[in-house]
Each structure stands twice: as structure tokens, then as C-alpha cells.
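User: Before setting up any calculations on this protein, I would like to go through its aromatic contacts, its strands and its empty spaces, one question at a time.

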Amino acid sequence: MNTVAKGDKFEGKVFSTITDLVESGYLGLNRDCCRLYQKKGYYSKDRDSNIVVDISIEVWMPGADRWSMLWVCECKDYSKSVPVDDIEEFKAKLNQITSVNVKGLFATSSAYQRGALNYSRS
């Protein structure tokens with residue numbers, strides 16, 4: 001299996017898990033207000049183009065014309081530990097999409113390097 005297919009398979013598994021968590025209310029989100037997506041693009045004015053994210057949850061208030069909260073999930077199916085650079089890059093993408101009302105979730109099949117864990121906690 002090539003790396004793209006391997007990554008897509010892992011992403012599908014994470015998407016299914018997140019969907020189940022939203023449906024069950026475990027994430028504290030009203031499922032009727034959530035829209036879940038895979039591979040959706042969000043505009044970055046810094047890039048003047050979209051940043052395509054692996055998984056997103058848009059939380060919409062009833063009657064709103066725009067989401068009020070965005071959850072973005074980055075999926076990495078690594079055989080090695082996750083380096084701090086990957087976490088820093090993910091944070092930069094979140095800041096380019098929107099600097100407020102965004103939550104980041106980094107899903108991985110491996111461990112974090114110490115620097116990545118420390119950065120994630122901060």
C-alpha cells in the first residue's frame with residue numbers, strides 16, 4: 001500500500017471515530033449544530049488560497065450564515081515518532097485559517113518526540 005492510500009485509510013478511521021464521538025455527544029457538541037468534513041479547504045489570506053485540512057468539524061448556531069467554532073484535525077499515520085516541526089506547522093495552519101474560535105486535534109498512530117509533546121501541551 002502506498003503512503004497516500006495508507007494515510008487515507010488512517011484518516012477514514014479517525015473520521016469515523018470523530019463522527020461517533022460527535023453523534024454520542026462525548027465531545028460536548030450538539031450534533032445537530034455540527035457539520036463534519038474530510039479534505040475541506042479553508043481560506044488563508046496569507047497564502048491567498050485555501051488550506052485543505054484532513055478533517056474538520058464546523059459548529060453552526062441555528063440560523064447563522066457562518067460557522068461559529070471550527071475544529072480541525074490533522075492525521076498522521078507515522079511509523080516514527082512525531083517531530084515538533086509537524087506540530088508547529090499544524091499550529092501555523094490553524095492561525096492562518098482563523099486565529100480565534102478554532103480547536104486543533106492532532107491524531108497520530110505513533111508517539112510524540114519530547115519537543116512535540118512539550119509544544120503540544122503549551
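The questions and answers that follow concern a predicted model.

User: How many aromatic pairs does a search of the whole structure find, and which residues form one aromatic cluster?

Analyst: The search of this predicted model returns 2 aromatic pairs. One of them joins Phe-90 and Phe-106, and Phe-106 also forms a pair with Tyr-112. The residues of the one aromatic cluster are therefore Phe-90, Phe-106 and Tyr-112.

User: What is the geometry of the pair of Phe-90 and Phe-106, edge-to-face or stacked?

Analyst: The ring centres of Phe-90 and Phe-106 lie 5.8 Å apart, with 65° between the planes. Since planes over 60 degrees apart count as edge-to-face, the pair of Phe-90 and Phe-106 is classed as edge-to-face.

User: In which elements do Phe-90 and Phe-106 lie, and how many residues apart are they?

Analyst: Phe-90 belongs to helix α2, which covers residues 84-97, whereas Phe-106 belongs to strand β4, which covers residues 102-108. The pair thus links distant parts of the chain, and the separation of Phe-90 in α2 from Phe-106 in β4 is 16 residues.

User: Why does Phe-90 count as buried, and why does Tyr-112 count as partly exposed?

Analyst: Buried means under 20% relative accessible area, exposed means over 50%, and partly exposed lies in between. Phe-106 has a relative accessible area of 13% and is therefore buried. Phe-90 counts as buried because its relative accessibility is 7%, while Tyr-112 counts as partly exposed because its relative accessibility is 28%.

User: Which residue lies over the face of Trp-67, and which has its charged end over the ring of Tyr-78?

Analyst: Over the face of Trp-67, at 4.4 Å from the ring centre, lies Arg-66. Over the ring of Tyr-78, 4.3 Å from its centre, sits the charged end of Lys-80.

User: Is Ser-79 buried or exposed, and how far apart in space are Ser-79 and Ala-111?

Analyst: Ser-79 is found in the loop between β3 (69-76) and α2. Its relative accessible area is 78%, so Ser-79 is exposed. Ser-79 and Ala-111 are 32 residues apart in sequence, and their C-alpha to C-alpha distance is 9.1 Å.

User: How many bridges join β1 to β2, and what is the bridge partner of Tyr-42 in β2?

Analyst: Strand β1 (residues 34-44) and β2 run antiparallel and are joined by 10 bridges. These strands form a hairpin with 4 residues between them, and Asp-48 in the turn has a positive phi of about 55°. The bridge partner of Tyr-42 in β2 is Ile-51.

User: How many residues of β2 are buried, and over how many bridges do β2 and β3 pair?

Analyst: Strand β2 spans residues 49-59 and is mostly covered, with 8 of its 11 residues buried. Towards β3, Val-59 has Met-69 as its bridge partner. The pairing of β2 and β3 is antiparallel, and its number of bridges is 5.

User: What space lies in the largest pocket, and which residues lie nearest its centre?

Analyst: The space in the largest pocket is about 320 Å³. The elements that contribute two or more residues to its lining are α2, β4 and α3 (114-121), and by class the lining divides into 8 nonpolar, 5 polar and 2 charged residues. Of the 15 lining residues, those nearest the centre of the largest pocket are Phe-90, Lys-91, Leu-94, Gly-104 and Ser-120.

User: Which element gives the most to the lining of the second largest pocket?

Analyst: The second largest pocket has a volume of about 210 Å³, and among its 13 lining residues the closest to the centre are Thr-3, Gly-7, Cys-75, Lys-76 and Asp-77. By class the lining comprises 4 nonpolar, 2 polar and 7 charged residues. Both α1 (3-24) and β3 supply at least two lining residues, and the element that gives the most, with 7 residues, is α1.

User: What space lies in the largest cavity, and how many charged residues does its lining have?

Analyst: The count of cavities of 30 Å³ or more is 1, and the space in the largest cavity is about 50 Å³. Its lining includes Ile-18, Leu-27, Ile-55, Trp-71 and Leu-105, and β2 and β3 each supply at least two lining residues. By class the lining has 8 nonpolar residues and 1 polar residue, and the number of charged residues is given as no charged residues.

Note on methods
Residues are numbered from 1 along each chain as its sequence is written. This is a predicted model: local features need pLDDT of at least 70, side-chain atom pairs count only at pLDDT 80 or more; totals for chains, interfaces and linings use all residues. Side-chain values use heavy atoms; hydrogens and water are left out. Rings of Phe, Tyr and Trp (its six-membered ring) pair if their centres lie within 6.5 Å; planes under 30 degrees apart count as stacked, over 60 as edge-to-face and the rest as tilted. Buried means under 20% relative accessible area, exposed over 50%, partly exposed in between (1.4 Å probe, protein chains only). A charge sits over a ring if NZ of Lys or CZ of Arg is within 6 Å of the ring centre and within 35 degrees of the ring normal. On a 1 Å grid over the protein atoms alone, a cavity is a set of points where a 1.4 Å probe fits but cannot get out, and a pocket is an open set with protein on both sides within 12 Å along at least five of seven lines; lining residues have an atom within 4 Å of a point. Grid points are joined across faces, edges and corners, and a volume is the space filled by probe spheres set on the points. Ala, Val, Leu, Ile, Met, Phe, Trp, Tyr, Cys and Pro count as nonpolar, Asp, Glu, Lys and Arg as charged, and the others, Gly among them, as polar. Two strands pair if DSSP finds at least two bridges between them.
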